[in-house]
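Reader: Could you take me through the packing in this structure, one step at a time?

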Amino acid sequence: MAKSKLKIIPLGGLNEIGKNMTVFAYGNDMIIVDCGMAFPDEEMFGIDIVIPDFSFVVKNSDKVRGVVLTHGHEDHIGGLAYLLKEIDVPIFGTNLTIGLVQNKLKEHNLLSSTRLNRVMPGDAVNMGPFRIEFIHTNHSIPDAVALAIHTPVGTVLHTGDFKIDTTPIQGSMIDLARIGELGKRGVLALMSDSTNAERPGFTRSERIVGSTLENVFKSTKSRIIVATFASNVHRIQQIINAAVNNNRKVAVSGRSMLNLLEVATELGYMKIPANALIDIDDIRKYKPHQLTIITTGSQGEPMSALYRMAYSEHKKLEIVKGDLVVISANPIPGNEKLVANVVNELYKKGAEVYNDPDTIHVSGHACQEELKMILGLAKPKYFIPVHGEYKHLKTHADLGAQMGIKESNIFILDIGKVLELSRDSARCTETVQAGLVMVDGLGVGDVGNIVLRDRKHLAEDGLIVVVVTISSETGLVLAGPDVISRGFVYVRESESLMDDIRTIAKNALDNCEKNNLKDWTSLKNGIKSRISEYLYRETKRKPMILPVIMEI
């Protein structure tokens, strides 16, 4: 009887930022590591979030023994509620991670039906042939863990998102000793965070930001507004500490920020002095030098609290001359323009902006020297860079080769590509269905490439609607054609163009009548093709043309 092999199947988190998800399969058993989401790019008009394609997991739902979470960031837990609507499996995660998952499941009315299991770093759980060990790491959110996945063919070490912080705000530094022990015993494969693989050196400690914040607060007499990631518990704690040390009250703006504050405080991950927090409605009771406001929007997101303040759309907060806005985050690649636009608006309103990335922000991901340290401690036989775009994965793969791993033992995988491992071999085999699913409002997966193409077409060229009423008996035109323009030209300034469109539509209908073409498809196609040719000739634009025929 042939021995089973371990299969590693990434369904997200490779060649992209976000929606991390990996399936591990052995025989008739599977586990899932993380289930995240990503935000849409500029080509995904109207899309709210993007999640992995769960088709493969749903097809094999009877084999899935559970979902294991490395930490509580959206790109690792944001897709979980959508997965749990498809399959019923237990969830395993550390205390804060499960606390944040509970919040998400409440929103989807899934909390009572989901089996949530809290674990501690150092714990291990058995799921079929898998034994999953949780190893303490450092990241920009507490309770992050790496996973040692012990299988019949060997141990796979999955770092999750991590960095090596020797002076963390809370808890101890990453458990390098345990990673070294696993390396001595033998690690079959290492899957390691590649997000900062292009950055040399070491990632700085979070405490550096605390020192900067203290200096900023001491030297500022005006109101301070600090924008940061809602999930960065340590950063928020340091902002509150700096405010309290300088006799300031703290108000919080942004739903995600309020939710995290509630969960982190309740579970003991944040310590907020009595009377330090005030309601956002009470800020007018205090003078500017007595106030600090913590808000979302460090990435310039159009619906975020800071964006609404900058554009005078916030119901309770308005930027006034003299305000100091501290943006404690680096722009995620692709968000630079959004952030720059918000900063410009803040300056226009008379605010001062402090967003020096070298002093007011540190990354939660390991740089090259830390990545090499993990490679050196784990001594893996096979190496699989994960979490990042292709350039990050390739750079990390090169680091692995520099550390002595054979190039033939390094695998940069594609989403859906199956890597099959035994004790002494590794090879890519088949490809399973994988990709992205777009969530638009309550619709999950009902927006595909064709719909996106139409949305892009509408956004770029606009819409022309031609309305005609015809007789059901004679087929003659009774009313119209009427022309409606949306996003193409301003009708009042283009009356001659509109008249020409009406004439062309009428001629197209007359031509169909002469040729005895009375079916609606022929009528619509005749109108569309003639108007399209005319508009491109006159304007070099191709609006979407929508003929509407009514029969009476």
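Author: Please keep in mind throughout that this is a predicted model.

Reader: Which residues of helix 12 are buried, and what do the buried residues pack against?

Author: Buried here means under 20% relative accessible area. In helix 12 that description fits Q368, E370, L371, K372, I374, L375 and A378. The partners against which these buried residues pack are strand 11 (154–158), helix 5, strand 12 (189–193), strand 18 (382–386) and helix 13 (390–402).

Reader: How is helix 5 oriented relative to helix 12?

Author: Two packed helices are described by the angle between their axes and the distance between the axes. For helix 5 (residues 176–185) and helix 12 (residues 368–378), the axes lie 7 Å apart and the angle is about 45 degrees. An angle of 35 to 65 degrees falls outside the parallel and perpendicular classes, and therefore helix 5 is oblique to helix 12.

Reader: How many residues of the contact of helix 5 with helix 12 are nonpolar, polar and charged?

Author: Helix 5 contributes L176, I179, G180 and G183, while helix 12 contributes M373, I374, L377 and A378. Glycine is counted among the polar residues. The residues of this contact accordingly divide into six nonpolar, two polar and no charged.

Reader: Which strands are the edge strands of the open sheet of eight strands?

Author: The order of the strands in this sheet is 7-6-5-3-2-1-19-20, and their pairing is mixed. An edge strand pairs on one side only, and this holds for strand 7 (116–119) and strand 20 (426–431).

Note on methods
Residues are numbered from 1 along each chain as its sequence is written. This is a predicted model: local features need pLDDT of at least 70, side-chain atom pairs count only at pLDDT 80 or more; totals for chains, interfaces and linings use all residues. Side-chain values use heavy atoms; hydrogens and water are left out. Axes are lines fitted to C-alpha atoms, for helices over the stretch in contact, and angles run from 0 to 180 degrees between N-to-C directions. Helices (H or I, at least four residues) and strands (E, at least two) are DSSP runs, numbered from the N terminus. Angles under 35 degrees count as roughly parallel, over 145 as roughly antiparallel, 65 to 115 as roughly perpendicular and the rest as oblique. Contact means heavy atoms within 4.5 Å. Buried means under 20% relative accessible area, exposed over 50%, partly exposed in between (1.4 Å probe, protein chains only). Two strands pair if DSSP finds at least two bridges between them.
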